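Biologist: Could you take me through this entry step by step, in words that a first-year student can follow? I would like to see the reasoning behind each answer.

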Amino acid sequence: MTEPKLCKRCNKPVVVSAEQYDLFEQMHWLCFHLEFEHEGDPDTPCQDSSCPWWHIEVFKAKLKEMGVDTEAVMKEAIRERWGL
């Protein structure tokens, strides 16, 4: 059994992006993004079009534009995930 590849930033196993482990400087893709690409507060979207916070912001804005209550969507997802 091979040892798991550990992320240099968070020290957790890299699984999903393991094939790009060296490309991402031995990190998870998100850790790499936050370490080298993300500008400003890590809790806010940056200008990088691959930033997950930016994706969330775009999807949330589009859903609201379509008349979807995003808070209700999240509450429903939480109930489904936890069987509430």
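**Reading the model**

Biologist: Is L63 buried, partly exposed or exposed?

Modeller: This is a predicted model, and we can begin with L63, whose relative accessible area is 32%. Buried means under 20% and exposed means over 50%, so a residue at 32%, as L63 is, counts as partly exposed.

Biologist: In which helix does L63 lie, and how far apart in space are L63 and C10?

Modeller: The helix that contains L63 is helix 2. L63 and C10 are separated by 53 residues in sequence, and the distance between their C-alpha atoms is 33 Å.

Biologist: Which residues line the largest pocket, and which helices supply at least two residues of that lining?

Modeller: The largest pocket holds about 160 Å³ of space. Its lining is made up of I56, F59, K60, L63, T70, E71, V73 and M74. At least two residues of this lining come from each of two helices, which are helix 2 (52–65) and helix 3 (70–82).

Biologist: How do the residues of that lining divide into nonpolar, polar and charged?

Modeller: We can sort the names one by one, and they include I56 and F59 as well as K60, T70 and E71. Leu, Ile, Val, Met and Phe count as nonpolar, whereas Lys and Glu count as charged. For the lining of the largest pocket, the division is therefore five nonpolar, one polar and two charged.

Biologist: What span does helix 3 reach from its first C-alpha to its last, and which residue caps its N-terminal end?

Modeller: Helix 3 has 13 residues, and at 1.5 Å a residue its expected span is 18 Å; the span in the model is close to this, at 18 Å. At its N-terminal end, a side-chain oxygen lies 3.1 Å from the backbone nitrogen of E71, and the residue that provides this oxygen, and so caps the helix, is D69.

Biologist: Which residue follows helix 3?

Modeller: The residue after helix 3 has a positive phi, near 65 degrees. That residue is G83.

Biologist: How many disulfides does a search of the whole structure find?

Modeller: A disulfide requires two cysteine sulfur atoms within 2.5 Å, and a search of the whole structure finds zero such pairs. For C7, the nearest cysteine sulfur is that of C31, 3.7 Å away, so C7 is in no disulfide. C10 is in no disulfide either, because the nearest cysteine sulfur, that of C7, is 3.8 Å away. The number of disulfides is thus zero.

Biologist: Is C7 buried or exposed, and what is the relative accessible area of C10?

Modeller: C7 has 2% relative accessibility, and because the limit for buried is under 20%, C7 counts as buried. C10, in contrast, is partly exposed, and its relative accessible area is 32%.

Biologist: What is the phi of N11?

Modeller: N11 is found in the segment before helix 1, and with a relative accessible area of 55% it is exposed. N11 is not a glycine, and yet its phi is positive, at about 65 degrees.

Biologist: What is the phi of E25?

Modeller: E25 also has its place in the segment before helix 1, where it counts as partly exposed at 39% relative accessibility. E25 is a residue other than glycine with a positive phi, and the value is near 55 degrees.

Notes:
Residues numbered from 1 in each chain as written. Predicted model: local features only at pLDDT ≥ 70, side-chain atom pairs only at ≥ 80, totals over all residues. Heavy atoms only, no water. Buried < 20%, exposed > 50% of the residue type's maximum accessible area, 1.4 Å probe, protein only. 1 Å grid on protein atoms, 1.4 Å probe; cavity = no way out; pocket = protein on both sides within 12 Å on 5 of 7 lines; lining within 4 Å. Points joined across faces, edges and corners; volume = space filled by probe spheres on them. Helix = DSSP H or I, 4+ residues; strand = E, 2+ residues; numbered from the N terminus. Expected span 1.5 Å × (residues − 1). Polar contact = N/O pair within 3.5 Å; in protein donor to acceptor, adjacent residues only side chain to side chain.
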